[in-house]
Amino acid sequence: MKIPSRSHVHMLSYLVVLLLLPLLASSADPDPLQDFCVADKSANSISVNGFPCKPASKVSSDDFFFDGLTKVGDTSNIFGSIVTGGNVDNFPALNTLGISMNRVDFAPGGLNPPHSHPRATESGVVIDGQVLVGFVTTGNVYHSKVLNAGQMFVIPRGLVHFQKNVGVGKAHIITAFNSQLPGAVVLPFTLFASTPSIPDDVLTRAYQVEEKVVESIKSKFSS
């Protein structure tokens with residue numbers, strides 16, 4: 001049997017690295033193939049992993065500016081927090097650009113409940129107040145820190161995390177994502193308010209509680 005020469009082995013290694021480089025360098029969203037693609041979100045548009053482009057002749061300067069994050073959100077809900085999205089759904093110019101931002105407002109003691117973003121890494125900065133930021137790794141290790149205005153954090157893609165206002169007054173943060181639409185899996189709603197519902201016996205077994213406990217929790221999220 002002929003043994004491959006060292007030069008052949010090296011060549012094969014180089015080829016493998018070259019094949020893997022595009023995968024290693026890829027971002028959360030595909031790279032754009034044009035300067036911009038302002039989303040055309042008309043009723044009869046078809047969405048295929050993004051939105052079709054508005055004709056360039058119909059694009060105006062206003063399409064590239066968004067003031068939604070200037071507005072203080074209404075935190076009068078069960079969690080005492082509200083997320084204002086600056087993603088492609090309400091800022092169509094982000095289409096194909098692979099970025100988005102959120103504003104999160106907190107009442108005193110407010111919580112942005114445990115959730116994850118399946119399509120993006122999150123970074124953020126505290127603008128006002130004092131906020132506890134925490135996340136849990138796939139190895140079940142919990143990392144957290146209390147942050148003050150001006151301090152930043154990062155949440156690796158897909159990991160469960162939360163933010164809680166631990167200061168004496170209101171708080172708000174700005175977050176950024178490497179996806180035009182990072183998605184959010186909010187655990188309380190996902191587990192206890194899905195449509196149709198997750199069977200009670202699944203949740204009682206998972207959480208080792210009685211059925212009446214599961215029903216009580218579900219009742220808090222029913223519309």
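The legends below describe close-up views of a predicted model.

**View 1. The annotated binding site.**
An unreviewed UniProt entry lists His 115, His 117, Glu 122 and His 161 under "binding site". These residues are spread over 47 residues of sequence, yet they cluster in space, with a largest C-alpha distance of 11.8 Å. Two polar contacts involve the side chain of His 117: one of 3.4 Å with the side chain of His 115, and one of 3.0 Å with the side chain of Glu 122.

**View 2. The surroundings of His 115.**
His 115 belongs to strand β3, which covers residues 111–116. Its relative accessible area is 5%, and a residue counts as buried under 20%, so His 115 is buried. Leaving out residues up to four places away in sequence, His 115 touches Glu 122, Leu 159, Val 160, His 161, Gln 163, Val 185, Val 186 and Leu 187. Two of the residues named in this list, Glu 122 and His 161, also appear in the UniProt "binding site" annotation.

**View 3. The surroundings of Glu 122.**
Glu 122 is found in strand β4, residues 122–128. With a relative accessibility of 3%, Glu 122 is likewise classed as buried. Beyond its neighbours within four places in sequence, Glu 122 is in contact with His 115, His 117 and His 161, as well as with Phe 153, Val 154, Ile 155, Gln 163, Thr 175, Ala 176 and Phe 177.

**View 4. An open sheet of five strands.**
The strands of this open sheet follow the order β6-β5-β8-β3-β10, and their pairing is antiparallel. Strands β6 and β10 (185–186) are the edge strands, each pairing on one side only. In general, strands of a sheet pair through backbone hydrogen bonds, either parallel or antiparallel. Within this sheet, β3 and β8 are joined by three bridges, and His 115 has His 161 of β8 as its bridge partner.

**View 5. Strand β5 and its two partners.**
Seven bridges connect β5 with the antiparallel strand β6, residues 142–148, while six connect β5 with the antiparallel strand β8, residues 160–165. Phe 135 illustrates both pairings: the residue opposite Phe 135 in β6 is His 143, and the bridge partner of Phe 135 in β8 is His 161. The hairpin of β5 and β6 has five residues between the strands, and Asn 140 in this hairpin takes a positive phi near 65°. Five of the seven residues of β5 are buried, so this strand is largely enclosed by the rest of the structure.

**View 6. The largest nonpolar core.**
In soluble globular proteins, nonpolar side chains tend to be buried together. The largest nonpolar core of this model consists of twelve residues: Val 104, Phe 106, Val 126, Val 131, Val 133, Phe 135, Leu 147, Phe 153, Ile 155, Leu 159, Ala 171 and Ile 173. Strands β2 (100–106), β5 (130–136), β7 (152–155) and β9 (171–177) each supply at least two of these residues. The greatest contribution, three residues, comes from β5.

**View 7. Leu 147 and a separate core.**
Leu 147, a member of the largest nonpolar core, is in contact with Val 126, Gly 129, Gln 130, Val 131, Val 133, Met 152 and Phe 153, when its neighbours within four places in sequence are set aside. Apart from the largest core lies another core, of five residues, including Val 38, Phe 91, Ala 93 and Leu 94.

How values were computed: Residues are numbered from 1 along each chain as its sequence is written. This is a predicted model: local features need pLDDT of at least 70, side-chain atom pairs count only at pLDDT 80 or more; totals for chains, interfaces and linings use all residues. Side-chain values use heavy atoms; hydrogens and water are left out. A nonpolar core is a set of buried Ala, Val, Leu, Ile, Met, Phe, Trp, Tyr and Cys residues joined through side-chain atoms within 4.5 Å. Buried means under 20% relative accessible area, exposed over 50%, partly exposed in between (1.4 Å probe, protein chains only). Helices (H or I, at least four residues) and strands (E, at least two) are DSSP runs, numbered from the N terminus. Contact means heavy atoms within 4.5 Å. UniProt positions are given in the numbering used here, feature names are shortened, and annotations may be inferred rather than shown by experiment. A polar contact is a pair of N or O atoms within 3.5 Å; within protein, one must be able to donate a hydrogen and the other to accept it, and residues adjacent in sequence count only if both atoms are side-chain atoms. Two strands pair if DSSP finds at least two bridges between them.
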